[in-house]
Amino acid sequence: MQGKGIIKFAAIVIAIVCLYSLSFTFVANKVEKDAKEYAKGNVDLERAYLDSISTKSVYPLFNHTYQYVKEREIPLGLDLKGGMNVTMEIELVQLVKSLANNPTDQNFNAALGNAQAGLANSQIGFIKLFVKEYEKVSPSGKLAVFFATKENAAELKLNATNADVQSFLEKQGKSAVDRSFNILRTRIDKFGVTQPNIQLQEGSNRILVELPGVTDKQRVRRLLQGSAKLEFYEAHDNSEIFPLLQNINNILAAKAPKDSATTTLVKDTSASKDKPALLTAKKDASAAKDSSKNAIEMAKKNPLFALLSPATQQGKDGQQGLSAGPVVGYSAQKDTAKVNALLNSADIKSIIPSNVKLLWGIKAVSPETKVFQLFAIKPTGINGEPALEGDVISNAREDIDQQGNPEVTMTMNGDGAREWKRITAAAAGTPQSEEDNKCIAIVLDNSVYTAPRVSGEIPNGVSSISGSFTIDETKDLANVLKAGKLPAPAKIVEEAIVGPSLGAEAITSGLMSALVGLIVVLIFMMFYYNRAGTVANIAVFANIFFLMGVLASFTAVLTLPGIAGIVLTMGMAVDANVLIYERIREELGLGKSLKQAIADGYKHAMPSILDGQITTFITGVILYVFGSGPISGFAITLMIGIITSLFTAIFISRLVFEWMLSKDMKIKFSNPWSANTFKNANYKFVKNRKWFYIGSGSFIALGIISIMLRGFSYGVDFKGGRSYVVRFEKSVTTDNVRDVLKETFGGTPEVKTFGSDDQVRVTTSYKIDDTANNADQLVENKLYEGLSKIEGNKAKIMSSQKVGPTVANDVRISAVYSVILCIFAIAIYIFIRFKKWSYSAGALVAVTHDVLLVLSFFSLFNGILPFSLDIDQAFIAAILTVIGYSINDTVVVFDRIREFLANHHAKTDDMKVVINDAINNTLSRTVITALTVIFVLVVLFVFGGEVIRGFSFALLIGVIFGTYSSICVATPVVVDLAKDVKM
C-alpha cells in the first residue's frame with residue numbers, strides 16, 4: 001500500500017480535529033446537566049446559573065468559557081429542540097407606493113394590484129412584474145412621471161425610460177430588503193434567544209429567521225412584523241445623570257433587606273465575578289479579585305451599581321472621573337434585563353424626571369465581552385417625544401471624508417432641515433469651542449444606534465456622521481437612517497413551530513433509529529463477511545466519528561432529517577466495503593494469494609466506488625441548493641457522509657487489513673453459507689427485458705391514470721395553508737375532528753392520523769390570504785374553538801406550520817427544477833465517464849423510471865396505507881436521494897459491463913450474452929449493497945418517528961425500485977440502443 005505513512009498521519013490529524021470539535025458539545029452538555037441539577041426544575045434558576053458562568057472557564061485544558069463552548073457545540077435544529085422557524089417577506093408594493101409618493105393614478109394602482117395578484121403564480125420578481133403590468137394597462141405611459149421626484153432626483157430624471165425606472169426600483173428594493181435584514185437581526189439579538197439564526201435569501205425579498213426554544217409565538221410575530229421606528233433625541237451628559245443613578249442606588253439599597261427580589265438578584269450577581277472583570281478591564285482590573293463574600297456585600301450596598309458600572313475614565317491628573325457624553329453606564333448582556341426591572345419598578349420610575357429616558361445601545365461594545373452601554377437621552381414635550389422623527393430623512397449613503405475615512409452623509413427634507421438647524425445649533429453650544437458640544441442620539445426601535453457629537457450648526461439639512469467606522473458599519477448606518485423614509489412592511493409568509501415536547505420525542509426516535517440501524521449493519525456485515533465484516537464495522541464506527549466531527553467543526557445544524565442522513569450513511573458506508581470485498585472474493589477465486597487479492601480488490605473496485613459516490617454527491621449538492629431548513633440539513637449530512645465513507649472504506653479499512661496481514665492473522669471474507677451466494681448465477685436479464693418493460697410500463701400507466709383521477713396528497717409546503725399537529729388526552733377519530741372543524745372553518749379541513757390514535761394533523765387554507773398581523777392567532781383561536789366541541793377530550797397544539805401562496809408556488813417550481821436538473825446532471829456525468837450516449841440514455845431512462853414508479857406508488861396507495869404519503873419537500877429530498885442511489889447501483893453494473901466487453905469475450909461472442917454475464921457477475925454486489933441500505937431504511941421507517949415516516953418510506957421503495965431498474969431497465973436499454981451490440 002503506497003503512502004501508508006501519509007494516510008496514517010492524515011487519519012490521526014483528522015481524528016484529533018474531530019475529537020476537539022466534538023468536545024465542545026460534551027463540555028456544554030456537562031455544564032447544562034450541572035445547571036439542571038442545581039436548579040432542580042426551576043427554569044429561571046437554571047437560566048441564571050448558565051448566565052452567571054457564561055464568561056467563566058469551563059474547559060480547563062484550553063481555558064475556554066461556557067459562551068465560547070456553547071457557540072461551537074453541534075446545534076440542534078428546531079425539529080429536535082423546539083422553537084420557531086419564520087420566513088419574512090418584505091412587501092415591495094408599499095415601497096413602490098412610497099417612492100412614488102402614493103399616487104392616485106388609476107393605471108398605476110391597477111398595475112400594482114395586478115402585479116401583487118400575479119406574484120403567487122409567477123417566478124418573475126415583483127418589480128419586474130409591476131413594470132410589465134403597467135406597460136400593459138398604459139402602453140405609452142412613462143413611469144418616470146411618478147418616480148422622478150425631488151427626493152429621487154439624484155438617481156432618476158424625468159426623461160428616464162421605464163427600463164431605467166425598473167433598475168432604480170430594483171436597486172431601492174434590494175436596499176430596503178438589506179435594511180430590513182439589519183433591523184430584524186438587531187431585534188432578534190435583543191430578543192435573548194440562544195443561538196438564533198437569520199439569513200437573507202439571496203436573489204429574493206425573503207429573510208429566514210430561526211429561533212430555537214421560543215414558546216411565545218405572539219411576541220415573536222409582533223417583534224418581527226412591527227414597523228421600524230427611527231427617532232432623533234437630544235442627549236444628556238453623564239455628569240447630569242450620575243447623581244440620579246446614585247439616588248436610585250441608595251433607594252434600592254435602603255429597601256434591600258425587605259425586598260426578596262433584590263436578595264435573589266444579589267445571589268445571581270454574586271454567582272459571577274466576570275461582570276466586574278469585563279467592565280473594569282479598561283479601568284481597574286483589581287475589582288475582579290474581590291471574594292464572593294465581598295461581592296455579596298457590595299451588591300447589598302449597591303444593588304444598581306453591582307449590575308451597572310458607571311461610565312468613568314482616567315483624567316489628566318490620573319484620577320478616575322465621570323466620562324463625558326451620553327453614556328452613563330455599562331452592563332453585561334445577562335444583567336440588562338435585571339437593570340431594566342430595577343429602573344421600571346414603580347418607586348424608581350416615580351423619581352426619574354420626564355425629560356430623562358435611559359436606553360441601551362443597539363449592540364455590544366465588543367462581541368467578546370457582550371457588554372452594553374446605557375445612554376441617557378432627553379425626550380421633549382408632555383408625552384416624551386423625540387426631537388425629530390425619522391421620516392424627515394430623504395436620503396442617506398455611505399461616503400468617504402477628505403481624510404479617506406468612512407462616514408455617512410444624511411440628507412433631510414425641507415421641514416426636517418429647518419428643525420435640524422435649530423436642534424444642532426443648540427447642541428453645538430458656543431462657537432469655536434468643543435467644551436460644551438452635546439450629542440444627538442439616533443434611536444432605532446428604542447435602542448441607541450449611535451450618538452454622535454455635534455460640532456456645529458447644520459443649516460441645510462445635509463449632515464455627515466463620522467467616527468471610527470468601518471465601511472460595513474457606514475453601510476449599515478445609512479440603511480438604518482433610510483428606514484424612516486422607505487416603509488416596506490415585513491410579513492410572515494412561512495412559519496413552522498415545534499413544541500419542546502415534540503422536539504424531545506423527535507430526539508428519542510432519532511437516536512433510537514440511529515442505534516438500531518447501527519446494530520443491524522454491524523450484525524449483517526459480520527454475519528455475511530466473517531472477520532472481514534469486523535473490519536468493515538471498524539470503518540463504520542470511524543465513519544460515524546469523522547462525520548459527527550466534521551459536522552461539529554462546521555457547527556452544522558443537526559435536524560431530524562439530518563439524523564436520517566446519518567442512519568442512511570451507515571447503510572451507504574458499507575457499500576464501498578461490499579464492492580471491495582466482492583472483488584477480493586473474485587480475486588481469491590482466481591487463485592491469487594490473500595495479500596495480492598486484497599491489493600487487486602481495492603484497485604479494481606475503485607472506479608465503481610468513485611463513480612457511484614460522485615453521482616450521489618451530485619444529488620446532495622442539488623438538494624442543498626434547492627432545499628431549505630431541515631432538508632438542507634439532510635443534504636449537508638449526506639454530502640459529508642459520502643466523503644467520510646470514502647475515506648474510511650478506502651483507507652482506514654485498508655490500513656486495518658495491512659496490520660492484520662503483518663501479524664499473519666487469518667482473514668476470511670465469507671462464512672460457509674455465504675461463500676457461494678449468487679456464484680455462477682445465470683439469470684436471463686437481457687433476454688427477458690421485454691417483460692421488465694411491460695411490467696414497469698403497466699405500473700407506471702396505472703400510476704398516471706391514478707394521478708389524473710386521484711392526484712396526490714400534497715403537503716402544506718406545496719399547496720399553501722396552515723397545518724397543525726394536535727394531541728388529545730384520549731384517542732379520537734379523524735371523522736369526529738373533521739366534522740367539528742368543518743363548521744368552525746366554514747370549509748372541510750384535511751385531518752389525518754399522525755402517529756398514534758390520540759394525535760392528528762389538521763391542514764386548512766382558512767384565512768391563508770389574510771395578511772393582518774393577528775391572522776395567525778385568529779386561526780389558532782378558531783382551531784381551539786372547534787376542538788373544544790369534542791367533549792371530555794382536551795386538545796393541545798404540538799406544532800404548526802404556515803406556508804403562504806407565493807412560497808408554496810416557489811417550492812413546487814423548485815422541486816420540479818431540482819428533479820429535472822438532477823436527472824440531466826447525472827446523465828451528463830455518465831456520458832463523460834463512459835464516453836457512449838447509450839450508457840447515458842440507459843441511466844436517464846432508469847432514473848426517470850424510478851421517479852415515475854415512486855410517484856405512481858404514492859398516488860395509487862394514498863389513503864390506503866395507514867400513514868401519510870404526502871408530496872412535500874421531504875418527499876423531493878427522498879426522490880433526489882433515490883436518483884443518486886439508483887445511479888450508484890447502475891454505475892457498478894455499467895463498470896462491469898464495460899470491463900467484460902473489453903476483456904472477457906471473443907469477437908465472435910454474442911454481445912447480449914456478454915452483457916448478461918456481466919450483470920450476473922455483479923449481482924452479488926448489487927443485492928448485498930441494496931440489502932444493507934434497505935435494512936437501515938426499514939429501521940428508520942419503524943423507529944424514526946411519524947415526522948419522517950413518509951420520507952423514509954419514499955426512500956425505502958425508491959431503493960427497491962432503483963435496485964430493480966439498475967439490473968432490469970438501465971442495462972437492457974443500453975443493449976437496445978448500443979450500435980455495437982449484435983441483435
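**Exercise 1. A lysine and its surroundings**

Find out which residues Lys-802 touches, leaving out residues up to four places away in sequence, in this predicted model.

*Solution.*
- Step 1: Look around the residue. Not counting residues up to four places away in sequence, Lys-802 touches Ile-492, Val-493, Glu-494, Glu-495, Gly-721, Arg-722, Ile-768 and Asp-776.
- Step 2: Place the residue in the fold. Lys-802 belongs to strand S24, which covers residues 795-803.
- Step 3: Check the accessibility. The relative accessible area of Lys-802 is 8%, and buried means under 20%, so Lys-802 is buried.
- Step 4: Return to one of the neighbours. The side chain of Asp-776 makes a polar contact with the side chain of Lys-802, at 3.4 Å.

**Exercise 2. Two ring pairs**

Decide how the rings of Tyr-20 and Phe-62 are arranged, and then do the same for Tyr-839 and Phe-894.

*Solution.*
- Step 1: Know what to look for. A pair of aromatic rings is described by two things, the distance of the centres and the angle of the planes.
- Step 2: Set the scene. Searching the whole structure gives 40 aromatic pairs. In one of them, the ring centres of Tyr-20 and Phe-62 are 5.2 Å apart and the planes stand at 75°. Planes over 60 degrees apart count as edge-to-face, so this pair is edge-to-face.
- Step 3: Locate the partners. Tyr-20 is in helix H1 (residues 4-39), while Phe-62 is in the loop between strand S1 (57-59) and strand S2 (64-65). The pair therefore ties together parts that are 42 residues apart in sequence.
- Step 4: Check the accessibility of both. Tyr-20 is partly exposed at 30% relative accessible area, and Phe-62 is also partly exposed, at 42%.
- Step 5: Turn to the other pair. The centres of the Tyr-839 and Phe-894 rings are 5.1 Å apart and their planes are at 70°, so this pair is edge-to-face.
- Step 6: Locate these partners too. Tyr-839 sits in helix H28 (residues 837-860) and Phe-894 in helix H29 (residues 873-903), so the pair ties together parts that are 55 residues apart in sequence.
- Step 7: Finish with accessibility. Tyr-839 is buried at 5%, and Phe-894 is buried at 0%.

**Exercise 3. A cluster and charges over rings**

Work out which arginine lies over the face of Tyr-602.

*Solution.*
- Step 1: Find the ring. Tyr-602 is part of one aromatic cluster, whose members include Phe-524, Tyr-581, Phe-657, Trp-673 and Phe-935.
- Step 2: Look above the ring. Arg-654 lies over the face of Tyr-602, 5.0 Å from the ring centre.
- Step 3: Try another example. Arg-72 is over the face of Tyr-68, and here the distance to the ring centre is 3.5 Å.

**Exercise 4. A helix with a bend**

Where is the kink in helix H32 centred?

*Solution.*
- Step 1: Compare the spans. Helix H32 has 29 residues (949-977), which at 1.5 Å a residue should span 42 Å. The end C-alpha atoms of H32 are 39 Å apart, which agrees.
- Step 2: Find the bend. The kink, of about 50°, is centred on Ser-965.
- Step 3: Ask how enclosed the helix is. In H32, 24 of the 29 residues are buried, so the helix is largely enclosed by the rest of the structure.

**Exercise 5. Far in sequence, and in space?**

Find how far apart Phe-858 and Gly-703 are in sequence and in space.

*Solution.*
- Step 1: Describe Phe-858. This residue lies in helix H28 and is buried, at 1% relative accessibility.
- Step 2: Give both separations. Phe-858 and Gly-703 are 155 residues apart in sequence, and their C-alpha atoms are 8.5 Å apart in space.
- Step 3: List contacts. Apart from neighbours within four places in sequence, Phe-858 has contacts that include Leu-869, Phe-875, Phe-953 and Ile-957.
- Step 4: Repeat with another pair. Gly-697, in helix H23 (residues 689-709), is partly exposed at 34%. Gly-697 and His-849 are 152 residues apart along the chain, and 8.9 Å separates their C-alpha atoms.

**Exercise 6. Positive phi**

Is Asn-102 buried or exposed?

*Solution.*
- Step 1: Locate the residue. Asn-102 is in the loop between H5 and H6.
- Step 2: Look at the backbone. Asn-102 is not a glycine, yet its phi is positive, near 50°.
- Step 3: Check accessibility. At 53%, Asn-102 counts as exposed.
- Step 4: Consider Asn-101. Asn-101 has a positive phi of about 60° and is partly exposed, at 46%.

Methods:
Residues numbered from 1 in each chain as written. Predicted model: local features only at pLDDT ≥ 70, side-chain atom pairs only at ≥ 80, totals over all residues. Heavy atoms only, no water. Phe/Tyr/Trp six-rings, centres within 6.5 Å; stacked < 30°, edge-to-face > 60°. Helix = DSSP H or I, 4+ residues; strand = E, 2+ residues; numbered from the N terminus. Buried < 20%, exposed > 50% of the residue type's maximum accessible area, 1.4 Å probe, protein only. Lys NZ or Arg CZ within 6 Å of the ring centre and 35° of its normal. Contact = heavy atoms within 4.5 Å. Polar contact = N/O pair within 3.5 Å; in protein donor to acceptor, adjacent residues only side chain to side chain. Expected span 1.5 Å × (residues − 1). Bend = angle between axes of the 7 residues up to and from the residue.
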